[in-house]
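Q: I've got this model open and I'd like to learn how to read its features one at a time. Where should we begin?

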Amino acid sequence: MKKLLILSLAALTAGTFSIGNSIPKTVSAEETALDPACKSAYLCDYESGTEVYAKNETKRLPIASMCKIMTLLLSFEAVDRGELSYDEMITVSENASGMGGSQIFLGANLSYRADELMKSVAVCSANDSCVALAERVGGTEEAFIARMNERAKELGAENTLFANCTGLPKEPQYSCAKDVSVMLRELLKHQKYYEFSKVWLEDFAHPDGRTTQMTNTNKLIRYYDGCDGGKTGFTNEAGFCLAATAKRNDTRLISVVIGSESSKTRNATISKLFDYAFNCYESKKLLERGQEIELRASVRGSKTCEIPVIVEDTLSVFGKKGANGNVSIDYTLNEGLKAPVQLGDEVGTAVVYVDGVETCKTRLLAGESAERFSWWDAYRESAQKWN
């Protein structure tokens, strides 16, 4: 079953929207004037992945503590799979407690809640918490690092190689601005992350009675309108780095800089990139994640003849302000659905087109379950029809 919903929205340009690719355009004077003060930079829309600005975006460079984006992502995904719980107590090894660099000063052989360790990584870039989480989730730090590299490949981050879970200098280890944006985009799908990333100042309580004060290393959380997440990084090799996200109205952006000369410069560069995108571009949200559409899916072999259908992910279009275009959503429901169908099963697809060009798509899911007819159900229905 197919149905095409036609919309007309201002602020859309024909054929300029894509997933994870740059908008087909010549470089504008505004973009030339950006001239970000760093070795590499990348700016994109969060929902669609559409590139807005890029500078040496695939150049392989050290990224310091920005690699903790992947450490956090794997920890959240372990929770999603039921392999870890936020309230689980994790006992810290001598190896984890002895990590140098930025740390929360975990005590060896003391036990901490998993979510508190994750928070300390997100807020104050704690190396000791990273290793404690890696050893718990991966079994060993080495196994966790192997999974970091596997996950990077799954996400299409082909210019990324991890050698540890902290970002401390170790060869060979590298990533690029575009890959960092991909990893941060995946992390931002976890709403719990924002509870941690928006913390500005907080005490971290140790089970032995000590207290360590955490201060967010991402100063834009406090000083840039709409910034609610991100990860800083610094080593002598990497320079000053930052991957950040900011949201205003329906538009969420991701910006990455690698190799700035100072923390002040990296913050100013990210702010400048955000300002440009918020001033010149906007998102139009069409459907929210989990929203029910007007079509219903037919199911054979069930007492429930039709079930509601929801979208798996948010659908939106992103483009320059003041442009025009026709937007359509093409719903396709799978034919011949047979019971049993479980809540959340895939039942079709939804594809968004702008002036006939595909821009994004998502799966359509069953909004409720449809159980198979039992022998008694079939007998009773036949008897009712006979009567």
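A: Begin with the hairpin of β6 and β7: it has 5 residues between the strands, and Gly 209 takes a positive phi near 95 degrees there. Element names come from DSSP runs numbered from the N terminus, helices being H or I with at least four residues and strands E with at least two. Bear in mind that this is a predicted model: local features need pLDDT of at least 70 and side-chain atom pairs count only at pLDDT 80 or more, while totals for chains, interfaces and linings use all residues. Residues are numbered from 1 along each chain as its sequence is written, and side-chain values use heavy atoms, with hydrogens and water left out.

Q: How many bridges join β6 to β7, and in which sense do they run?

A: Two strands count as paired if DSSP finds at least two bridges between them. Here β6 (residues 201–205) and β7 (residues 211–215) run antiparallel, joined by 5 bridges. To get the register, put Leu 201 opposite Thr 215 in β7.

Q: Which residues of β7 sit on its covered face, and which on its uncovered one?

A: Thr 212 and Met 214 make up the covered face, whereas Thr 211, Gln 213 and Thr 215 are on the uncovered one. Burial itself is graded by relative accessible area with a 1.4 Å probe on protein chains only: under 20% is buried, over 50% exposed, and in between partly exposed. By that scale 51% of the 387 residues in the protein are buried.

Q: Why is α4 described as largely enclosed?

A: Helix α4 (residues 114–124) has 10 of its 11 residues buried, so the rest of the structure largely encloses it. The buried set includes Asp 115 and Lys 119 alongside Leu 117, Met 118 and Val 121. As for geometry, residues three or four places apart in an α-helix point the same way, because there are 3.6 residues a turn. Right after α4 comes Ser 125, with a positive phi near 60 degrees.

Q: What does Arg 113 touch beyond its sequence neighbours?

A: Arg 113 belongs to strand β5 (residues 111–113). Contact means heavy atoms within 4.5 Å, and outside the four places on either side in sequence, Arg 113 is in contact with Tyr 86, Asp 87, Glu 88 and Met 89. Its relative accessibility is 35%, so Arg 113 counts as partly exposed. Long-range pairs matter for the whole chain too: among contacts between residues at least 6 apart in sequence, 64% join residues at least 24 apart.

Q: What is the strand order in the open sheet of 5 strands?

A: The order is β3-β2-β10-β9-β8, with antiparallel pairing. β3 (51–55) and β8 (227–235) are the edge strands, each pairing on one side only. Neighbouring strands are turned by 5 degrees on average, direction ignored. Within the sheet, β9 (residues 239–248) and β10 (residues 251–260) pair over 8 bridges, and Phe 240 stands opposite Ser 260 in β10. Helix α7 (residues 177–187) packs on the sheet, touching β2 (40–45), β9 and β10, with its direction at about 140 degrees to that of β10. For such angles, axes are lines fitted to C-alpha atoms (for helices, over the stretch in contact), and values run from 0 to 180 degrees between N-to-C directions.

Q: Where should I look for unusual backbone values?

A: Most residues other than glycine have a negative phi, and most peptide bonds are trans. Now the exceptions: Asp 35, in the loop between α1 (29–34) and β2, has phi near 40 degrees. Asp 35 is exposed, with a relative accessible area of 56%. Phe 105, in the loop between α3 (94–97) and β5, has phi near 65 degrees. As for peptide bonds, the one from Glu 171 to Pro 172 is cis, with omega near -10 degrees, and another cis bond joins Ala 339 and Pro 340, with omega about 5 degrees. Pro 172 lies in the loop between α6 (141–154) and α7; Pro 340 is in the loop between β15 (324–333) and β16 (346–354).

Q: What is the volume of the largest pocket?

A: About 360 Å³. Of the 14 residues lining this pocket, Glu 47, Arg 185, Lys 189, Asp 313 and Lys 361 are the closest to its centre. β14 (315–320) and β17 (357–366) are the elements that give two or more residues to the lining. On a 1 Å grid over the protein atoms alone, a pocket is an open set of points where a 1.4 Å probe fits, with protein on both sides within 12 Å along at least five of seven lines, and lining residues have an atom within 4 Å of a point. Points are joined across faces, edges and corners, and the volume is the space filled by probe spheres set on them.
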